[in-house]
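Biologist: Could you take a close look at the loops of this model, one after another, and then follow them to whatever lies beside them? I am new to reading structures, so please explain each term that your reasoning leans on.

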Amino acid sequence: MNGLPKVCFISFLFMESLLGWSDSECSRFQAVVIDDSFPGAYQSAFADINNDGKLDIAALGEGASGVFWYENPSWKRRPICTDGLQGFIDFDFYDLDGDGDLEAVIASDFNLGKTDAGGTISWLNRRDDLDQPWSIHFIHAEPTTHRLRWVELEGESHKRLIAAPMAGPGSSGPDFKQSPVRLLAFSIPAESRKEAWRFEVIDHSLHLLHGLMVRSNEIYTASLEGVTQFSWRDKRWIRQTITAGLQDPDNRSGSSEIAAGSWKKGEPFWATIDPWHGNQVAVYAHASAQKERLQRHVIDDSFVAGHALACADFDQDGDDEVIAGFRGEGHCIYYYDFVKDPEELWRRSKISGDVAVQGLAIADVDDDGWLDFIAAGGSTHNVILYKNCGGAHSSSP
């Protein structure tokens with residue numbers, strides 16, 4: 001991933017054969033209902049919260065729904081935060097104080113209609129009683145903070161916390177172009193309960209920043225400007241545009257979600273949902289004969305409010321697959337397998353229409369060697385684990 005050219009030129013190549021789907025049902029995944037009564041379920045994560053060597057599931061409900069975790073393997077629901085904060089929007093986990101237990105960071109007080117206020121960022125530690133909500137500690141307030149991710153940087157002993165607001169202060173719809181957001185990196189203080197968290201501004205140029213992905217020591221954002229990469233090199237951040245996304249002067253442009261994948265030869269590709277809350281799933285990859293040029297392949301244009309995206313090698317064939325879903329009318333989660341036959345490049349199959357998916361997370365939750373994923377559905381009020389059945393099933397027709 002570090003061998004990317006300094007400038008990426010974009011070739012817009014729309015392949016009609018990719019859009020004439022003949023869907024099959026994807027039998028690779030078995031659905032396990034974790035929670036069927038969670039209004040506004042928005043984000044999900046895997047984390048060993050009780051430190052027993054098993055991955056638990058955590059879910060966040062936007063607004064006032066709260067944050068909870070589900071203990072593996074009973075999936076008993078326990079609280080992380082049910083009061084003291086409001087307007088929940090995102091979270092992540094890391095042992096930030098070095099005590100051997102994971103802490104949570106939570107973004108709350110999110111309101112896109114008030115871009116000059118809110119955006120509370122907090123860290124929370126688990127109590128000895130697993131049935132009690134966690135203790136809350138303030139970090140910072142950055143209006144419209146929308147995404148939080150931990151990143152491990154070369155040469156540093158502790159991860160840094162990346163905070164990405166959605167809209168710049170004082171900006172307003174529909175495009176929120178009046179001011180850019182501040183993409184922030186926080187350092188953990190020696191006394192995390194007492195000292196203020198220092199931060200640096202990684203970038204101050206993006207608008208309507210929605211997607212945030214961390215991979216190795218690199219950060220990727222999805223915004224009106226498309227997909228932007230920030231790499232940590234020689235103790236400084238290097239910015240590079242990966243793609244401008246879908247540029248439409250009459251509507252919102254850019255990208256909304258970003259995920260990175262690779263093929264068996266190690267060649268990278270990027271998957272996006274274009275534009276903001278858009279209808280397209282696109283894959284950007286290097287043209288085989290011209291490594292400095294990216295081709296844009298639209299592999300789906302049927303989404304209504306696209307909002308979830310991930311890449312991983314679910315079938316262990318050496319090529320990463322794409323999982324994407326939308327939360328609007330007809331909500332669905334699809335599986336896209338790279339096949340590259342004379343008729344199509346990506347074969348789409350339906351995973352589920354049961355979740356108005358807003359957030360996805362991937363891990364091998366049962367330690368069987370096959371990657372699973374968790375989906376959180378807002379209007380469907382549910383959290384569902386999709387367990388990978390491995391070699392016993394195939395997603396191909």
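Modeller: A strand here is a run of at least two residues that DSSP marks E, and the strands are numbered from the N terminus. With that in hand, and keeping in mind that this is a predicted model, we can begin with P73, which is placed in the loop between β6 (66–71) and β7 (76–81). The peptide bond that leads from N72 into P73 is cis, with an omega near 10 degrees. A cis bond also joins D274 and P275, where omega is about -20 degrees, and P275 belongs to the loop between β21 (268–274) and β22 (280–287). These bonds deserve a second look because most peptide bonds are trans, just as most residues other than glycine have a negative phi.

That second habit of the backbone has its exceptions in this model too. In the loop between β15 and β16 we find L208, which is not a glycine and yet has a positive phi of about 50 degrees. L208 is buried, because its relative accessible area is 0% and the word applies under 20%. In the loop between β24 and β25 lies Q316, whose phi is also positive, near 55 degrees, although Q316 is a residue other than glycine. Q316, however, has a relative accessibility of 43%, so it counts as partly exposed. The loop that holds Q316, between β24 and β25, is also where F314 is found, and with 0% relative accessibility F314 counts as buried. F314 belongs to one aromatic cluster together with F29, Y335, F373 and Y386. To see how far the chain reaches from there, compare F314 with Q86: they are 228 residues apart along the chain, and 36 Å separates their C-alpha atoms.

After the loop that holds L208, the chain comes to a hairpin. Strand β16 (residues 211–215) runs antiparallel to strand β17 (residues 218–223), and five bridges join the two. Two residues lie between these strands, and S216, which is in the turn, has a positive phi of about 60 degrees. Beside the turn, R215 stands opposite E218 of β17.

Strand β16 also leads us to a space in the model. The largest pocket holds about 1000 Å³, and among the 36 residues that line this pocket, R149, M213, V214, L360 and A361 are the closest to its centre. At least two lining residues come from each of several strands, including β4 (41–47), β12 (145–151), β16 and β28 (357–363). Sorted by kind, the lining of the largest pocket has 22 nonpolar, six polar and eight charged residues.

From β12 the chain passes into the loop before β13 (160–165), and E152 is found there. E152 counts as exposed because its relative accessibility is 53%, above the 50% that the word requires. E152 lies 34 residues from F186 in sequence, and the C-alpha atoms of the two are 12 Å apart in space.

F186 brings us to the aromatic rings, of which the model has 20 pairs. In the pair of F186 and F199, the ring centres are 5.3 Å apart and the planes stand at 50 degrees, so the pair is tilted: the angle is neither under 30 degrees, which would be stacked, nor over 60, which would be edge-to-face. This pair links strand β14 (residues 183–186), which holds F186, with strand β15 (residues 199–203), which holds F199, across 13 residues of the chain. F186 has 0% relative accessible area and is therefore buried, whereas F199, with 33%, is partly exposed.

A second pair returns us to a loop. The rings of F303 and F326 have centres 4.8 Å apart and planes at 40 degrees, so this pair is tilted as well. F303 sits in the loop between β23 (290–300) and β24, and F326, 23 residues away, sits in strand β25 (residues 321–326). F303 counts as buried because its relative accessibility is 4%, and F326 counts as buried because its value is 3%.

Two rings have a charge for company. R77 lies over the face of F68, at 3.7 Å from the ring centre, while the charged end of R348 sits over the ring of Y334, 3.9 Å from its centre.

Note on methods
Residues are numbered from 1 along each chain as its sequence is written. This is a predicted model: local features need pLDDT of at least 70, side-chain atom pairs count only at pLDDT 80 or more; totals for chains, interfaces and linings use all residues. Side-chain values use heavy atoms; hydrogens and water are left out. Two strands pair if DSSP finds at least two bridges between them. Helices (H or I, at least four residues) and strands (E, at least two) are DSSP runs, numbered from the N terminus. On a 1 Å grid over the protein atoms alone, a cavity is a set of points where a 1.4 Å probe fits but cannot get out, and a pocket is an open set with protein on both sides within 12 Å along at least five of seven lines; lining residues have an atom within 4 Å of a point. Grid points are joined across faces, edges and corners, and a volume is the space filled by probe spheres set on the points. Ala, Val, Leu, Ile, Met, Phe, Trp, Tyr, Cys and Pro count as nonpolar, Asp, Glu, Lys and Arg as charged, and the others, Gly among them, as polar. Rings of Phe, Tyr and Trp (its six-membered ring) pair if their centres lie within 6.5 Å; planes under 30 degrees apart count as stacked, over 60 as edge-to-face and the rest as tilted. Buried means under 20% relative accessible area, exposed over 50%, partly exposed in between (1.4 Å probe, protein chains only). A charge sits over a ring if NZ of Lys or CZ of Arg is within 6 Å of the ring centre and within 35 degrees of the ring normal.
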